[in-house]
Structure formats: structure tokens, C-alpha cells
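Here are a few exercises on empty spaces and packed interiors in a protein model. Try each one with the structure open, then go through the solution.

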Amino acid sequence: MKASLVYTTLALSLLATSCQNSFIDLQPISSASTDNFYRTAEDFRIAVNGAYASLQMGGITGNSYVFGEVASDNTVPPASGSVTDQDEFDRFYIRTTNPFINGRWNDSYNAIARYNTILDRINAVSMDETLKGRYIAEVKALRAHVYFNLVRTFGDVPLVLKSMTTPDEGYAYGRSPRTEVYAQIEKDLSEAEGVLPVSYAAADLGRVTRGAAKALLGKVYLTQRKYAPAASKLKEVIDLNVYDLLPSYAEVFRVGNKNNKESVFDVQYKSGGAGEGNPWPNDFAPENSGNAVIAFGGSGNNQPSADLIAAYEVGDVRKDVSLATSYVNASGQTIPANFVKKYYDVPVTRGDNGNNIPLIRYADVLLMYAEALNEVSYQPEALTYLNRIRTRAGLKAKTIADVPDQAAFRLAIEQERRIELAFEGHRWFDLVRTGRAISVLNSKKDQIRLVNTLTENNLVFPVPQAQIDINRDKIKQNPGY
């Protein structure tokens, strides 16, 4: 076989979505060829909105919980349905043909193809220069986000920065060293942050902002253990004075309160039967629960683990907002079942919920900043930011006596991030970033039923076998798979 879906989409993917009423009214349009599109300012408005719509793809956001949560000690897969495919992540015996692996690779490069096409063609079009600059900055930030997920998932990945005209061009790309990929991510975000606006009018809420680009860049620095640059960049987000913690943790996730003051960057969803709804509330509700938990029933995915449930401190208000351990069925019986309820909504049809999915919240920014400060040098200032999160959760503030040194503070941040950001896709990548994934998961080997003891090889996932099969000269498998 000499052709590949990923390389074909790298070259030829042109699907976009338009916004007839506002940015989040994502209505699909038909495919168009590059010869007949990308000619006017209106074409680029549609194309850039389509670039945002790509974030909803399963491999980018829709199935992100499999990588960020199921692979960690936070959640477990259901006992039926896609159990084998998800169980491979839960217990770490991941096949190179796993569909979630394929989905992340293919959907990501499909999206990158869109971004590159926009960036390659927009400068030739006559339009308002300020708007053009903003579109370029938005797309660079989106490309950086997708590459960030790719490099954290697979390690070295093909770094494609231009559009392609034939599928065969894809065969020239091997896996670029992760250092080069990170350098490009930093470049894209650094160029974007200086151009993007601090905020948008109501019709454009949800677009990437200056604060979102800075926050993502801070996370990129932190992931590479560039602690001083991370602290500096995250402080810039704080100093914008446009974000704040909401007084109530529950209000952060209420569907009628989207794009609130705590939202730095969300994937936008809209219910109403147009195919733009969020599937997670139905995906996460218990199997066989009928309409007792959510209309149209649930699939039982991403079940909170007993270990996570036990990690909540007494009195933590986040627990009841984030999860439940039982429900009452139509007969009035209490049925034991662990399930995520953080994203609850009333769907129009199954999987058509209006919730956004947060990529970066202000709480995340404060905890990352505290972590970066502590890594630069143990200092009381970092405790202030940790305690802002704890007090909002109804918990007692920690003192220097509670976290007397840098090592203790690391563990305090790890615990707080686990609880505050539960089910938002951070846990696995947090453990890898801090060098704790192997020790934490191996210490729970029997409890979480690991098939094998984790090693350094498990810190990245396998490259899809299909990519190796069609380009053996350029694409090699990660060690251990």
C-alpha cells in the first residue's frame, strides 16, 4: 500500500466551518478545492473558524480523556464496548494498531493541514491588515496547541510547516527531534502572543486570546523544565488582570456560564442538533442507567477510580461537583456507580450537550505558576497561589509547617492539581512532566492492574503502525513497542 490517510489529509484537507451568527455557531460547509477557495477575506474568516472546529475532533479533544485520565491513576474504562482499546491505556499493553493512537495522529495532522494551508495563502489576499495579522496569530496558536499534544504523546513527530499539493510530499517527512518540535511551538506562541487581543466582543468569545497564548507557552516551558521562563510567562497571564477564580467551583462548569472569567481557553461546543454538541456528559454517565443520570443514557467511560475518590480531603466541595459514586434509578433503587458529572448538561439528543471543554483554566495557571516558582527556588510566595485554590475548595490553607521544603511543596502541588483539574486531561501529562509517572503508577501496580511494570519507554505512546508500514524509511517505532 503506497497511500496513507494521514498524508492525504496533510495535503488535501480543506473542510471548514462557518459562523453565520457568531463564532460559536459552527455550521459545516462543503469541501472546496484550493483553486476555488482562500481568495477573499470572507474565505479566510470561514477557514479560520474551521480551524477552531478541528479542535473538536476525537483525536484532539473528543477522546483526550483516554490519554490524560485513563492512562493515569484517575479513571478506569468501562467493562464493555471499547473496553479493550481503552483497557490498553489503563493497564499499559498498548497495541501499535490501537484506534485511539491512530485517531490522535490522523486528526492532529488533518488539523495541521488546515492551519498550514491558511498560513501559506493568507498573505496573498487583500484584506484588513490588522485582521489578517490576528488570523495568522490565532492559527499559529492553534497549531502550537496541536503539536504540543503530539509531542507529549509520541515524542519525536513529523514537523510539517507548509501545505502540500500532493499526498506523495508526505513521504519526505520523518520524525523530527522533539527539541525541534518544541522550538517551533515556542516560536508560534511567541509570535502569536504579541498580536492577539486580550479579549473579544461577545460574538467572538472562545477565540484564542493573548492570555491563552501566554498560558500555553508557560505550560510548554514548564513541560520542558524551563522553570524561570515558565514562571515569567505565567506571571504575565496573571498580570493581565482579566482572569480570576470564580467564587463557586460549580459555576466554572455550569453550561449556562461558559467562557467565564476563569476560562483561559476552551474548546467551544454548542447544542441544538447541528453536530456541534459535546458528547462527554453522555459518554461519562453510567451504562444501563437509562435517563436516571442524563437523558438518552450513558456509556460508562472514564470512571473515577477508587484511588482518586479516596484522594479528596474531607469537606472538599470539588468532589460532589466532579463525580458521583451512585445514582437512583427509575425504581427508586440506589445503584453503586462511579461516574464523572463535572460536565453535566441536558442534551437535545444523545451526545448533543452545550458544555465547553476547558483546555486551560485560570486555576491551572495559578498552580503552574506556583510549581514554577517552587522549582526556581522554594519560596513562600508560591504558597499564596496554592492556597487560593484550596480556600475556594473549602479547605484549610496550608502553612510553611505543612510544606517545609521544596520536595514537600512538589507533592502538595501534585495533589492539588490532581483534584482541582480532575477529568480535564492533565493527570498523566502532569506525572510525566514531573518525573513521577513511573514511581506513582508502579506503586499502585496491583490496584490499577498494570500488565507490566512501567519503564521509561511507557512515557510516550506507540506511533501508529499504519504510519510505519507506509513510510518505513522515515518513520520508526518508539522503543518498547
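**Exercise 1.** How do the residues of the lining of the second largest cavity divide into nonpolar, polar and charged?

**Solution.** Keep in mind that you're looking at a predicted model.
- Step 1: Find the space. The second largest cavity holds about 160 Å³.
- Step 2: Find the wall. This cavity is lined by 17 residues, and Val252, Phe253, Asn260, Asp266 and Asn356 lie nearest its centre.
- Step 3: Sort the wall by class. You should get five nonpolar, six polar and six charged residues.
- Step 4: Look at which elements take part. α11 (249-253), β4 (263-267) and β8 each supply at least two lining residues.

**Exercise 2.** In which sense do β4 and β8 pair, and over how many bridges?

**Solution.**
- Step 1: Put the two strands side by side. They pair in the antiparallel sense, over four bridges.
- Step 2: Pick one bridge to check. Start at Val267 and you'll find its partner in β8, Ile357.
- Step 3: Ask how covered β8 is. Five of its five residues are buried, and here buried means under 20% relative accessible area.

**Exercise 3.** Which element supplies the largest share of the lining of the largest cavity?

**Solution.**
- Step 1: Count the cavities. Searching the whole structure for cavities of 30 Å³ or more turns up five.
- Step 2: Go to the largest cavity, with a volume of about 330 Å³.
- Step 3: Look at its wall of 28 residues; nearest the centre are His145, Asn149, Arg152, Leu359 and His426.
- Step 4: List the elements. α3 (58-62), α4 (64-70), α7, α9 (210-223) and β8 (357-361) each give at least two residues.
- Step 5: Pick the top one. That's α7, with six residues.
- Step 6: Sort by class, as before. This lining has 17 nonpolar, seven polar and four charged residues.

**Exercise 4.** Which residues touch the most other members of the largest nonpolar core?

**Solution.**
- Step 1: Take the 124 residues of this core and look for the best connected. They are Tyr147, Ile185 and Trp428.
- Step 2: See which helix gives the most to the core. It's α7 (residues 129-154), with 13 residues.
- Step 3: Zoom in on Tyr147. Leaving aside neighbours within four places in sequence, Tyr147 is in contact with Tyr109, Ile112, Val157, Pro158, Leu159, Val160, Val181 and Ile185.
- Step 4: Don't miss the other core, which lies apart from this one: it has seven residues, among them Val293, Ala324, Tyr327 and Ala337.

**Exercise 5.** Now for the open spaces. Which element gives the most to the lining of the largest pocket, and which to that of the second largest pocket?

**Solution.**
- Step 1: Start with the largest pocket, about 500 Å³ in volume. Of its 25 lining residues, Arg178, Tyr182, Val432, Leu459 and Val460 are the closest to the centre.
- Step 2: Name the top element here. α18 leads with four residues.
- Step 3: Sort the lining: nine nonpolar, seven polar and nine charged.
- Step 4: Move to the second largest pocket, with about 320 Å³ of space. Its lining has 23 residues, and Glu371, Arg410, Glu414, Thr434 and Arg436 lie nearest the centre.
- Step 5: Compare the elements. α15 (362-376), α17 (406-420) and α18 give two or more residues each, and α17 gives the most, with seven.
- Step 6: Sort once more. You'll find seven nonpolar, four polar and twelve charged residues.

Methods. Residues are numbered from 1 along each chain as its sequence is written. This is a predicted model: local features need pLDDT of at least 70, side-chain atom pairs count only at pLDDT 80 or more; totals for chains, interfaces and linings use all residues. Side-chain values use heavy atoms; hydrogens and water are left out. A nonpolar core is a set of buried Ala, Val, Leu, Ile, Met, Phe, Trp, Tyr and Cys residues joined through side-chain atoms within 4.5 Å. Buried means under 20% relative accessible area, exposed over 50%, partly exposed in between (1.4 Å probe, protein chains only). Contact means heavy atoms within 4.5 Å. On a 1 Å grid over the protein atoms alone, a cavity is a set of points where a 1.4 Å probe fits but cannot get out, and a pocket is an open set with protein on both sides within 12 Å along at least five of seven lines; lining residues have an atom within 4 Å of a point. Grid points are joined across faces, edges and corners, and a volume is the space filled by probe spheres set on the points. Ala, Val, Leu, Ile, Met, Phe, Trp, Tyr, Cys and Pro count as nonpolar, Asp, Glu, Lys and Arg as charged, and the others, Gly among them, as polar. Two strands pair if DSSP finds at least two bridges between them.
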